[in-house]
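Subject: Structure for you to look over

Dear colleague,

I am handing over the structure that we spoke about, with the sequence alongside. Please have it open while you read the notes underneath.

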Amino acid sequence: MMSRLSKAELALLAAVACMSLFALLGPAVALPAGYHHFADARALGGIPFAGDVLSNLPFAVMGVAGLLSLARAGSGARVTERALAGLFFAGLVFTAFASSWYHLQPDDESLAVDRIGMSVAFAGLLGLAAANRVSERAGALLAFVVLWAAPAAALHASSSGDAGPWAVIQFGGMLLVVAFHGANARHSALPIRWAWVIAAYALGKMFEVADHEVFVLTGGAVSGHTIKHMLAALAAFPVLSALGPVCKPRQNVTRIMETNS
């Protein structure tokens with residue numbers, strides 16, 4: 001029989017309900033004029049917008065590294081957190097391809113593909129944060145909700161031009177991560193440094209907004225959006241490093257077996 005909701009779970013439920021209402025009933029939000037006009041339009045080896053396309057590679061690197069770490073960890077405690085971390089890392093790999101697809105030919109349709117890729121990573125990250133600070137069932141349910149709602153918001157923005165629901169999920173989701181950071185970690189939770197995740201995301205957003213200004217300041221060497229991709233990928237490092245203690249028990253068992261054989 002399911003236990004009663006804790007105060008933290010009730011607070012999370014109320015926050016998600018408020019965000020959902022705002023997404024459904026809030027004002028329409030259109031994309032800024034020139035949203036698809038990125039500063040660095042240079043091609044390289046036949047790849048258009050090469051800087052913004054190739055800078056998605058770190059997403060794939062971090063995603064694959066995380067999935068390999070989870071595979072080495074094997075089974076054991078923290079099952080829900082590891083599953084959500086797996087969803088997050090798989091989402092990073094998906095994001096690498098989806099974002100590259102968008103930047104090859106930036107328009108409203110390919111932007112939806114980019115956002116659907118990000119949706120998977122968002123679902124894993126938000127679910128992991130909730131499982132880390134609230135409860136495992138809260139993390140699993142939040143990930144499920146985001147995994148359904150975020151792609152729907154991305155498709156809605158593409159078909160109607162209203163990016164309001166997507167903005168609520170993206171920025172509201174990060175506000176939840178900030179709120180989770182202020183709470184104590186659950187006993188035996190993964191030791192994730194959420195402050196580093198938040199800082200990398202915030203810096204990435206700053207460089208994204210200053211795309212053209214950074215391109216001018218660097219003499220055309222690199223654009224703000226290109227740097228944003230690399231910073232956003234670095235947000236995965238605290239999650240990846242937290243998996244180190246999870247991998248050690250299996251490695252120690254392997255050493256013992258080798259010694260006794």
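What follows is a short account of an enclosed cavity, of one residue in its lining, and of two loop residues with unusual backbone angles.

Please keep in mind throughout that this is a predicted model, and that the values below were computed from it.

The cavity

The search for cavities of 30 Å³ or more gave a count of one, and the volume of the largest cavity comes to about 40 Å³. Its lining is made up of Phe122, Leu126, Ile169, Gln170, Gly173 and Met174. Two helices, helix 5 (residues 108–133) and helix 7 (residues 164–181), each contribute at least two residues to that lining, and helix 7 has the largest share, with four residues. In terms of character, the lining residues comprise four that are nonpolar and two that are polar, with no charged residue among them.

Gln170

Of the residues that line the cavity, Gln170 is the one I would like to describe further. Gln170 belongs to helix 7, and because its relative accessibility is 10%, whereas the cut-off for a buried residue is under 20%, Gln170 counts as buried. Once the neighbours within four places in sequence are set aside, the contacts of Gln170 are with Phe122, Tyr201 and Lys205, and Phe122 is itself a member of the cavity lining. With Tyr201 there is also a polar contact, made from side chain to side chain at 3.4 Å. As for a position elsewhere in the chain, Ala149 is 21 residues away from Gln170 in sequence, and the C-alpha atoms of the two are 11 Å apart.

Two positive phi values

Two residues other than glycine deserve a check of their backbone, Phe49 and Ser188. Most residues other than glycine have a negative phi. Phe49, however, has a positive phi, near 50 degrees, and sits in the loop that runs between helix 1 (residues 7–25) and helix 2 (residues 50–54). Ser188 likewise has a positive phi, in this case near 65 degrees, and is found in the loop between helix 7 and helix 8 (residues 194–209). Is Ser188 exposed, partly exposed or buried? Its relative accessibility is 46%, and since partly exposed covers the range between the buried limit of 20% and the exposed limit of 50%, Ser188 counts as partly exposed.

With best regards

Technical notes
Residues numbered from 1 in each chain as written. Predicted model: local features only at pLDDT ≥ 70, side-chain atom pairs only at ≥ 80, totals over all residues. Heavy atoms only, no water. 1 Å grid on protein atoms, 1.4 Å probe; cavity = no way out; pocket = protein on both sides within 12 Å on 5 of 7 lines; lining within 4 Å. Points joined across faces, edges and corners; volume = space filled by probe spheres on them. Nonpolar A, V, L, I, M, F, W, Y, C, P; charged D, E, K, R; others polar. Buried < 20%, exposed > 50% of the residue type's maximum accessible area, 1.4 Å probe, protein only. Contact = heavy atoms within 4.5 Å. Polar contact = N/O pair within 3.5 Å; in protein donor to acceptor, adjacent residues only side chain to side chain.
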